[in-house]
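Trainee: I am new to this structure and would like a close look at a single part of it. Please take me through the nonpolar interior, and then through what lies around it.

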Amino acid sequence: MSVPLDPWSRLRHATRARIGLGRSGDALPTEALLDFQQAHALARDAVHSAVDFPALTADLAPLTCLHVASQAADRSIYLRRPDLGRRLAADADLPRGDWDAVFVIADGLSASAVMDQAAPTLRACLARLPGWKLAPVVLASQARVALGDDIGERMGARLSVVLIGERPGLSVANSLGIYLTWEPRVGRKDSERNCLSNIHADGLSHEVAAEKLTWLMTEAVRRRLTGVALKENADALPTASRDDRVIVGLCDE
């Protein structure tokens with residue numbers, strides 16, 4: 001009986017994890033080592049790079065966009081002081097209105113995720129929300145998830161929807177997350193919001209993410225809550241959306 005040259009090859013097609021890498025003496029083979037170093041560099045770049053907010057604003061035209069910052073004055077402070085990334089800077093100027101929802105695009109921990117995924121995901125969502133009273137889109141720099149609570153409270157929105165760059169890993173550096181909070185206000189707990197995670201080319205598509213999010217938004221308004229008490233009903237979603245589950249009450253900053 002013939003033995004496959006690489007018995008791990010079939011399993012590698014089923015996962016993005018690094019399995020069966022082999023060895024060269026006491027070390028990894030050169031190809032596996034270089035692949036790991038490249039993935040690590042992409043993750044570091046995602047964290048330390050800045051979102052091109054002017055380009056993102058142009059991409060979202062003709063939507064009205066407002067730009068705010070957190071109390072973290074720069075990237076170094078942002079990474080060392082997560083608490084400052086959860087509150088708006090003192091000079092933040094936001095209009096207040098009678099809005100059903102405010103969409104916040106936050107840089108988070110991956111600039112590449114925001115640049116690659118945020119605009120198409122937002123457009124897919126807006127196409128599914130006819131008749132909703134939506135606030136201007138808020139672009140937030142040096143932002144953590146909970147900054148959406150401060151923004152939503154100041155603007156008087158019933159829902160805050162935060163699209164944010166997720167913490168990059170060694171398989172995906174440009175993954176976007178979405179966090180939904182009913183009646184946002186400073187001090188909301190992570191268990192009081194819903195999360196859609198892993199929005200990227202090899203994960204949740206923009207269209208499926210939008211389908212799930214708008215279902216959750218509709219249910220949140222109807223039931224006047226989000227978080228652990230609001231769970232996805234797969235039977236109510238289109239067939240194409242049912243394979244990817246909603247993560248509830250998880251906050252990946």
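**The nonpolar core and its surroundings**

Mentor: Pro62 lies in the loop between helix 3 and strand 1 (65-69). The model is a predicted one, and in it a cis peptide bond joins Ala61 and Pro62, with omega at about 10 degrees. This loop follows helix 3 (53-60), one of the elements that give two or more residues to the largest nonpolar core, and the core is the part to examine closely.

That core has 37 residues. Those with the most contacts inside it are Leu56, Leu60, Phe103, Ile105, Leu213 and Met217. Besides helix 3, the elements that give it two or more residues include strand 2 (99-106), helix 5 (111-126), strand 3 (137-141) and strand 4 (157-165). Strand 5 (176-182), strand 6 (193-199) and helix 7 (206-223) also belong to that list. Helix 7 provides the largest share, eight residues. In soluble globular proteins, nonpolar side chains tend to be buried together.

Phe103 gives a detailed view of the packing. Leaving aside residues up to four places away in sequence, Phe103 touches Leu122, Cys125, Leu126, Leu129, Leu134, Pro136, Val137, Val138, Val161, Leu163, Leu213 and Met217.

One of these partners, Cys125, deserves a further word. Cys125 is buried, because its relative accessible area is 0%, and Cys195 is also buried, at 1% relative accessibility. A disulfide would require two cysteine sulfur atoms within 2.5 Å; the count of such pairs is zero. For Cys125, the nearest cysteine sulfur is that of Cys195, 13 Å away.

Two residues with an unusual sign of phi may be considered next. Gln142, in the loop between strand 3 and helix 6 (147-155), has a positive phi near 50 degrees although it is not glycine. Gln142 counts as buried, because its relative accessibility is 15%, under the 20% limit. Asn198, located in strand 6, likewise has a positive phi, near 60 degrees, and is not glycine. Asn198 counts as partly exposed, at 40% relative accessibility.

Finally, there are nonpolar residues at the surface. Leu21, Leu28 and Leu33 form a nonpolar patch there, with about 210 Å² of accessible area together. Leu21 is in the loop between helix 1 (9-12) and helix 2 (30-48), and Leu21 is partly exposed, with a relative accessible area of 33%.

Methods: Residues numbered from 1 in each chain as written. Predicted model: local features only at pLDDT ≥ 70, side-chain atom pairs only at ≥ 80, totals over all residues. Heavy atoms only, no water. Buried < 20%, exposed > 50% of the residue type's maximum accessible area, 1.4 Å probe, protein only. Core = buried A, V, L, I, M, F, W, Y, C linked by side-chain atoms within 4.5 Å. Helix = DSSP H or I, 4+ residues; strand = E, 2+ residues; numbered from the N terminus. Contact = heavy atoms within 4.5 Å. Patch = residues over 30% accessible without salt bridge, like charges linked within 9 Å, V, L, I, M, F, W, Y side chains within 5 Å. Areas by Shrake-Rupley, 256 points an atom, 1.4 Å probe, with all protein chains shown as cover. Salt bridge = Lys/Arg side-chain N within 4 Å of Asp/Glu carboxyl O.
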